[in-house]
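Work through the exercises below with the sequence and the model open beside you. Try each task before reading its solution.

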Amino acid sequence: MLNTFQQADHGVLPEATPEEAARQEFVKSLKHFIQQGILPGLGPVYRTRAAERFEKEAGRAPADRHDIRKAMVPDTYFQHYAAVNRISQELLWDSVIDSIDREGDALIERTAAATAANAGELRIAEGFEVPRYVSSLDIHCMPGGYVGRPGHDDLRLGALYDRGVFLYAMGYTGPDNDDMGRSVCHYIKARLKGFSPKRILDLGCTVGHSTLPYKELFPEAEVWGVDVGGPMVRFAHARAGAMGLDVNFAQMNAEKVDFPDGHFDLVVSHILLHETSGKAMPQIFRECHRLLAPGGYMIHADLPPFDPMDPFTQFILDNETYYNNEPFWGAMRELDQVKLARDAGFPAETIRFDTAPMAVMMFAQSEAAGYSAEASESVAERDFVAGEFAPGGGWEVLIAQKQD
Amino acid sequence: MTDEIAPMLRSAKGKRPSFYETPGLDQMMSMIMVLAGEVSVLADQVDLMQRVAAEKGLDLAGGMKTITLDQDALEAREARRQAMLDRLFYLMRKEAAEAEAQETSEGYSQVIADIAKG
């Protein structure tokens with residue numbers, strides 16, 4: 001498959017010169033090659049020489065993902081894979097920062113005009129305390145992270161995230177990076193028939209990629225996106241304005257959201273939970289329960305648990321923990337999410353894991369630039385392969401309903 | 001106002017892992033990848049030039065396919081390719097020359113010691 005997916009311009013995306021664009025495209029191509037051309041070799045390398053070497057040294061076969069890690073880390077093939085993967089991540093951010101730095105405050109001026117076009121609220125908290133699980137490392141190795149640092153915390157970090165994530169996901173999440181939100185919306189319409197939420201909350205929304213489809217598909221609803229990153233929600237507000245949507249954003253912590261009990265009838269999150277912590281995650285589940293009105297739904301689209309996976313798959317996935325500043329990535333997958341939901345007060349019979357089919361085929365149908373039917377189909381119809389971006393076919397969702 | 005904006009940060013917080021035991025190899029691989037990227041950028045630029053020229057009615061791509069290289073052109077190209085390979089493999093050239101001259105690390109240390117004395 002030739003991945004030609006292109007991000008849609010929405011007016012506040014960093015503008016790239018042809019040279020900068022070529023550098024960004026190269027990173028996307030490199031990521032694609034790593035997944036298609038290098039990743040598949042890890043299995044044979046492990047099964048043959050790496051496992052044998054481990055067995056010779058340890059006197060037993062590798063038992064779990066930690067053993068497999070020990071076997072693979074000294075292997076040259078794995079070293080090249082992991083090194084180039086990391087380098088691609090670093091080049092990715094660098095290639096976008098070039099554009100942002102060159103544009104200077106032209107980008108800031110564009111975002112100011114766009115934010116004025118969004119009739120939704122923007123709440124920025126005074127003296128906001130950023131949780132340690134976000135501030136201690138720059139997640140995904142994005143320089144500055146979600147919150148920035150003093151003197152480096154303006155909304156350009158949101159612009160960096162917007163373009164960077166498209167390249168990271170190689171466009172699999174659509175021209176507007178919104179496949180996860182869009183897929184969950186379609187899931188709700190198809191599977192929760194008759195449920196039409198009036199107030200929707202998206203937790204850990206960053207720049208609102210997944211938030212906006214909720215406004216698009218439930219136009220009468222009041223939609224809020226909250227995130228601990230000030231630069232993220234400020235950019236999210238501008239981006240929504242640029243895309244012609246009135247959506248509210250606020251700097252808030254998903255563990256303690258500043259809304260009254262029972263205020264929302266749908267609370268969602270997309271790839272949030274794995275960036276929290278062992279203490280925060282159960283608290284977020286409790287907070288969802290508190291925020292929901294009776295009969296309301298909680299839906300988290302995130303990583304499936306390690307539990308049913310073989311140790312080699314676990315090992316591949318866990319590389320993100322070690323090499324991409326994702327400290328909770330591995331530990332999160334070991335938690336019993338169904339139990340967490342039960343402990344938070346959701347009735348056991350309403351809690352389940354399910355698959356929300358990817359919306360990527362719709363991008364091809366709408367003739368989005370670069371979304372050829374062939375390429376979109378091969379993304380939508382692939383089997384799950386550890387180490388590739390996104391599972392084939394659909395997103396794993398955890399769903400629970402508050403007692404009516 | 002542009003010069004008042006702080007440049008974006010370029011380093012991510014969090015200790016960077018090493019992937020190779022050989023010191024310097026991580027940096028070396030990153031340089032190779034950056035250079036591969038620049039080669040790719042150049043190829044895209046050539047492609048862009050052809051397309052812009054085509055839009056203006058000048059078929060560069062077609063001309064490039066049909067042009068016959070004369071003797072001067074063939075020689076200039078081959079000389080450039082050989083010179084590039086020579087630069088690429090300069091360390092092997094050096095290694096062969098050292099073998100030929102029987103130069104060793106011990107010999108080099110000996111020269112330092114000898115010169116210090118007189």
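The exercises that follow concern a predicted model.

**Exercise 1. The overall form of chain B**

Task: Determine whether chain B is spread out or a compact globule.

Solution:
- Step 1. Chain B contains 5 helices and 0 strands, and its pattern along the sequence is α-α-α-α-α.
- Step 2. For 118 residues the globule rule gives 13 Å, whereas the radius of gyration of chain B is 25 Å, well over that value, so chain B is more spread out than a compact globule.
- Step 3. Along the principal axes, the C-alpha atoms of chain B fill a box of roughly 75 × 55 × 30 Å.
- Step 4. Burial can be added to the description: 4% of the 118 residues of chain B count as buried.

**Exercise 2. The contact between the chains**

Task: Find which helix of chain A gives the most to the side that touches chain B.

Solution:
- Step 1. Chain A brings 31 residues to the contact and chain B brings 26 residues.
- Step 2. On the side of chain A that touches chain B, at least two residues each come from helix 1 (18-38), helix 4 (76-103), helix 7 (156-168) and helix 12 (311-323) of chain A.
- Step 3. Helix 4 of chain A gives the most to this side, with 10 residues.
- Step 4. By type, the residues on this side of chain A are 17 nonpolar, 7 polar and 7 charged.

**Exercise 3. Helix 7 and the core**

Task: Decide whether helix 7 of chain A is largely enclosed or open.

Solution:
- Step 1. Helix 7 of chain A has 13 residues and spans 18 Å from its first C-alpha to its last, close to the expected 18 Å.
- Step 2. A residue is buried if 20 or more other C-beta atoms lie within 10 Å of its own.
- Step 3. In helix 7 of chain A, 13 of the 13 residues are buried, so the helix is largely enclosed by the rest of the structure.
- Step 4. The largest nonpolar core has 118 residues, and A:Leu160 and A:Val397 are among those with the most contacts inside it. Helix 4 of chain A gives the most to this core, with 12 residues.
- Step 5. Leaving out residues up to four places away in sequence, A:Val397 touches several residues, including A:Val184, A:Tyr187 and A:Ile299.

**Exercise 4. A glycine in a strand**

Task: State whether A:Gly295 is buried or exposed.

Solution:
- Step 1. A:Gly295 belongs to strand 6 (residues 292-301) of chain A.
- Step 2. A residue is exposed if 12 or fewer other C-beta atoms lie within 10 Å. A:Gly295 has 11, so A:Gly295 is exposed.
- Step 3. A:Gly295 and A:Gln401 are 106 residues apart along the chain, yet their C-alpha atoms are separated by 6.0 Å.
- Step 4. Not counting residues up to four places away in sequence, A:Gly295 touches A:Gln401, A:Lys402 and A:Asp404.

Note on methods:
Residues numbered from 1 in each chain as written. Chains lettered and ligands numbered in written order. Predicted model: local features only at pLDDT ≥ 70, side-chain atom pairs only at ≥ 80, totals over all residues. Contact = placed C-beta atoms within 7 Å. Helix = DSSP H or I, 4+ residues; strand = E, 2+ residues; numbered from the N terminus. Nonpolar A, V, L, I, M, F, W, Y, C, P; charged D, E, K, R; others polar. Rg over C-alpha atoms; globule rule 2.2 N^0.38 Å. Expected span 1.5 Å × (residues − 1). Core = buried A, V, L, I, M, F, W, Y, C linked by C-beta atoms within 7 Å.
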